[in-house]
Amino acid sequence: MPQRMPLRIWRPLATAAIAALLAAFLTPTAAHGAPRESRPVYSYGNAIRESVWVDTGLDGDGDGKTDRVAVDIVRPREPAAQGRRIPVIMDASPYYSCCGRGNESQKKTYDAAGHVVQMPLFYDNYFVPRGYAFVGVDLAGTNRSDGCADVGGRSDIQSAKAVIDWLNGRAKGYTTRTGTTAARATWTNGRTGMIGKSWDGTIANGVAATGVRGLKTIVPISAISSWYDYFFAQGAPFYDSGPDSLSDYVDSPDAHAKCAAAQRKLVDGAPRSGDWTPLWTERDYAKDANKVRASVFLVHGMQDLNVRTKQFGQWWNALAKNGVERKIWLSQTGHVDPFDFRRAQWVDTLHRWFDHELLGYDNGIDREPTADIERHPDQWVTSTAWPPRGTATTTLRPGRGSQAGVGTLGLRTGTGTEAFTDDPKLSETDWAAHIGESTAGKAGFLTGPLTKDLRVSGSSTVTVTVTPTTSTAHLSAVLADLGPDTIRDYADSGEGITTLTDRTCWGASATGDSACYRVTQAKKTAVSVTVFSRGWADLGHYASIRKGVPLTPGRAYTITLDLAATDHVVPKGHRLALIVAGTDKDLIDPPSSTPTLTMDLSRTAARVPLVGGEAAFADAASGSAATAPEATTQGGLRTSHAVRRIPGETL
């Protein structure tokens, strides 16, 4: 699509009469035919700014009163004066006061009357002049809301769902936090689109999974679909803390004083054993994908090591099974908003998406390719469907090579064994950098140089049969592309972007709320190996994620690891590699022991979604034999920075 130039700051229109004239010209009933694009015809400087407290019907803080959540609203003044109702774009967040939103960590600010002055991010600046209301909701327990943050549970989800119910006349709202004067949303048609990154996008997923009426679309960015998978990978812990640490981080001072009981429920319901509990069932939205009525425009960084890509893969697949209208963008970044890696195209696409889904404009976005994928920094391709048609799961099998720990990867079942010893000091980058060497900490298997490009698209699994020497063991499996490339430096603190000093403006500004944001550019690095998919597990959960058990040293166990969803092309001349090892430093915590694990190659296999399936692999791998490459150092790509312990922009 053509790239639009950054928008200049819109000056308030001289009079409401001019705005009304323009608005009438652009309505669907105008003589010039149905519109295809909303225009900035309303005054942002004269917009109505108001706050409402919506009753959630819950008493999460146990004070004997139902909780009210704060709802800050920015909406154009002119439509209400004309008797016209407008749709809503909503971002429900725990971060509006504790941490800030976006690359510049913006927080809400208020005037003396308690009305919002600065609404973080560009959504209100851009969309309010185009005839939308923007609504920023403080989740329960945060900023100016009652209750307790419960990290994706009933309180979090009800915080936002109740607001959609209020917008549609099904819930009570009040003009103050404690008063009795009712507030009604007579200015909206109830059609709502939710958007947000990380925890915010997670709430959008969770609310959609309730099937609430009035929610027409969601745009989850780097969002969670199952909170268990944020804290654990099949029993293996990612962090040394649980959801209680996140609620403690975002809770307001009022919530800190009242929410000890809610905190205790989070501690007791999320044991560090990695066992699945009812707490995780409540926070699993993918299981309720059959309730989703809203369309979904999903965005995720394929190297996001905070909200890992298993999250979008399982959500996307669950939505597909239920026929939900979907669109997807996949970048090479880590945990980064598309506004900061593809700004002009993002604003244009989001604009057309909301116009189509909330205003009903026939602008053709529903007939465009389903997927946009960043193949190289700032170089994008599209797919009509995702994964592409013709993608088929192909079983690849490891085999022994000429030296220990450096084997082959192909279609034939392997024989014999390979062994490695868990070394918590090593990471996936260490393993990949020494793929051609016999090292004690990993087992690597690789094809020969490919004679054709090979595209992996979707979610893989790796089934391994291993015999441990101790009663505890963790496993990691990664897919890697061996060959030189220039990629976004997702291991850098910017996770693939560099923030500059210049600014571009996207919408209208007002005193205290600028629409201008610092420009970013791709942060690139040259590499010799790219890890593009990964998965982890606690071997003690081999039989069930519900309950882990101690291992019997010397006994063989079989477990299937779920690898993260991806879309990656291994180019002609490169090699595809599978690496199996123990603890992945900085990504999972180590077990209580240091086991040596012996793999049975005849009972180990990777199931990889390949465009063209087995025939494509056989064709691409039919050239030279799978000999070991020369040992190389992974140039430019350092061990990933410490993974953030909160799904947002901070820490």
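**Close-up views of the predicted model**

**Figure 1. The link of Cys98 and Cys99 is left-handed, with -85° about the S-S bond.** The model shown here and in the following views is predicted. Cys98 and Cys99 are joined by a disulfide with an S to S distance of 2.1 Å. The two partners are set apart by their accessibility. Cys98 is partly exposed, since its relative accessible area is 24% and the buried class ends under 20%. Cys99, at a relative accessible area of 5%, is buried. A search of the whole structure finds three disulfides, and the other pairs follow in Figures 2 and 3.

**Figure 2. A disulfide between Cys148 and Cys259 connects distant parts of the chain.** The sulfur atoms of Cys148 and Cys259 are 1.9 Å apart. The link of Cys148 and Cys259 has -90° about the S-S bond and is left-handed. Cys148 belongs to the loop between strand E4 (133–138) and helix H4 (154–167), and Cys259 to the loop between helix H8 (253–258) and helix H9 (260–269), so that the pair spans 111 residues. Both Cys148 and Cys259 are buried. The loop between E4 and H4 also holds Asn143, a residue treated in Figure 8.

**Figure 3. Cys505 and Cys516 form a disulfide.** Here the sulfur atoms lie 2.0 Å apart. The link of Cys505 and Cys516 is right-handed, with 95° about the S-S bond. Cys505 is in strand E22 (residues 497–505) and Cys516 in strand E23 (residues 516–522); the two cysteines are 11 residues apart, and the pair links distant parts of the chain. Cys505 is buried, as is Cys516. With the bonded cysteines counted along the chain, the disulfides follow the pattern 1-2, 3-4, 5-6.

**Figure 4. The largest pocket holds about 380 Å³ of space.** The lining of this pocket consists of 19 residues, of which Asp150, Ser155, Ala262, Lys265 and Arg283 are the closest to the centre. H4, H9 and helix H10 (278–282) are the elements that each give two or more residues to the lining. H9 supplies the largest share, five residues. By character, the lining residues divide into eight nonpolar, three polar and eight charged.

**Figure 5. Helix H7 (residues 243–250) has buried residues at Pro243, Leu246, Ser247 and Val250.** Viewed down the axis of H7, these buried residues fall within an arc of 95°, and therefore they line one face of the helix. The buried residues of H7 pack against helix H5 (199–208), helix H6 (228–231), H9 and H10. Two of these packing partners, H9 and H10, also give residues to the lining of the largest pocket.

**Figure 6. Thr594 lies in the loop between strand E27 (575–581) and strand E28 (596–600).** Leaving aside residues up to four places away in sequence, Thr594 touches Thr421, Asp422 and Thr470. Between Thr594 and Gly414 the separation is 180 residues in sequence and 27 Å in space, taken from C-alpha to C-alpha.

**Figure 7. Trp386 and Pro387 are joined by a cis peptide bond.** The omega angle of this bond is about -10°. Pro387 is located in the loop between strand E14 (379–383) and strand E15 (391–403). As background, most peptide bonds are trans.

**Figure 8. Asn143 and Asp378 each have a positive phi without being glycine.** For residues other than glycine, a negative phi is found in most cases. Asn143 has a phi of about 50° and is placed in the loop between E4 and H4. Cys148, shown in Figure 2, belongs to that loop as well. Asp378 has a phi of about 65° and lies in the loop between strand E13 (371–376) and E14. With a relative accessible area of 46%, Asp378 is partly exposed, because the exposed class begins over 50%.

Technical notes: Residues numbered from 1 in each chain as written. Predicted model: local features only at pLDDT ≥ 70, side-chain atom pairs only at ≥ 80, totals over all residues. Heavy atoms only, no water. Disulfide = S-S within 2.5 Å. Buried < 20%, exposed > 50% of the residue type's maximum accessible area, 1.4 Å probe, protein only. Helix = DSSP H or I, 4+ residues; strand = E, 2+ residues; numbered from the N terminus. 1 Å grid on protein atoms, 1.4 Å probe; cavity = no way out; pocket = protein on both sides within 12 Å on 5 of 7 lines; lining within 4 Å. Points joined across faces, edges and corners; volume = space filled by probe spheres on them. Nonpolar A, V, L, I, M, F, W, Y, C, P; charged D, E, K, R; others polar. Arc of directions from axis to C-beta. Contact = heavy atoms within 4.5 Å.
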